[in-house]
Amino acid sequence: MGRRLMDTEKIKEQTGINNVIFKNEVTSTNDEILNEKNDTLMIAFFQSKGKGRYGRKFFSPENGLYFSYLVNEEMTFQQSQFVTPIMGVAVSYAIDEVFGVNTSIKWVNDVLLEGKKICGILTECKVEKNVCYDIVVGVGINVYESDFPNDIKDTAGFITEKKDSDKREDLVIKIMQNFKSFWSGDRDSLVEKYRKKATFIGNEIKVHKNGDYLKATAMDINDDFSLKVKYNDGTIEDLNIGEIFL
């Protein structure tokens, strides 16, 4: 893969982030970044204890890109729910630009390429009286080809096979430029960007709810990034949290 380091000064300069840390290996960037101050980006090429949603493990092989950003502000719990979808849009458009592919988004936190998951996003924060602080958004991307474990090999994918040049530094710069620009930008145009990537809209999905998998039709992404679904009995619901299966 060529060089095994990232130019943290270049990343700082091109993203405007105050503190950029690169490690070849971490337990989990989401955990280790909590020792740092706000406006920190921690990047790794391997995680020994990568984390997914609902306490799951996140397989983090050496050919990937794993990073967490410690957001530089406090916000309400409602505002914090925008972090994951905005990072999803930032990642999806950056991968398309850097690698010349066409990714899509599966609500709310997965980026797909040709129907396979290539990226997961996990936002964590501490909450007191509806105020969120220590907000960390973690991103794990399967960049180059890897051998996946049996339990995910049918659903997981990668962006590309190994190439002579390593594009992971370019990718993390573009993602963070997008995220910072999108976060401070016009929310309506961002929701439109998300809708363009939500190729499952109009299709039948399954909603994981209270331990059941309910059949529904994905109707639209609402202006607050919630998902409007219509169940088979005709009931319509706006999902703010949860998980869907395509």
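**Backbone features of a predicted model**

Good morning. I begin with Val108, which lies in the loop that runs between strand 5 (104-106) and strand 6 (110-113). The peptide bond between Trp107 and Val108 is cis, with omega at about 0 degrees.

Please bear in mind that this is a predicted model. The average pLDDT of the chain is 89, and 93% of the residues score at least 70. Among the elements of the chain, helix 4 (residues 83-99) has the highest mean pLDDT, 97. The lowest mean, 88, belongs to strand 13 (residues 243-245).

I turn next to Asp39. In which loop is the place of Asp39? The residue sits between helix 2 (29-32) and strand 2 (40-47). Asp39 is not a glycine, yet its phi is positive, at about 60 degrees. Is Asp39 buried or exposed? Its relative accessible area is 4%, so Asp39 counts as buried, the cut-off for that class being under 20%.

My last residue is Asp134, found in strand 8, which spans residues 131-141. Here too the residue is other than glycine and phi is positive, with a value near 50 degrees. The relative accessible area of Asp134 is 27%, and therefore this residue is classed as partly exposed.

To review the two aspartates: Asp39 is in a loop and is buried, whereas Asp134 is in a strand and is partly exposed. The cis bond that I described at the start joins Trp107 and Val108. Thank you for your attention.

Key. Residues numbered from 1 in each chain as written. Predicted model: local features only at pLDDT ≥ 70, side-chain atom pairs only at ≥ 80, totals over all residues. Heavy atoms only, no water. Helix = DSSP H or I, 4+ residues; strand = E, 2+ residues; numbered from the N terminus. Buried < 20%, exposed > 50% of the residue type's maximum accessible area, 1.4 Å probe, protein only. pLDDT = per-residue confidence, 0-100.
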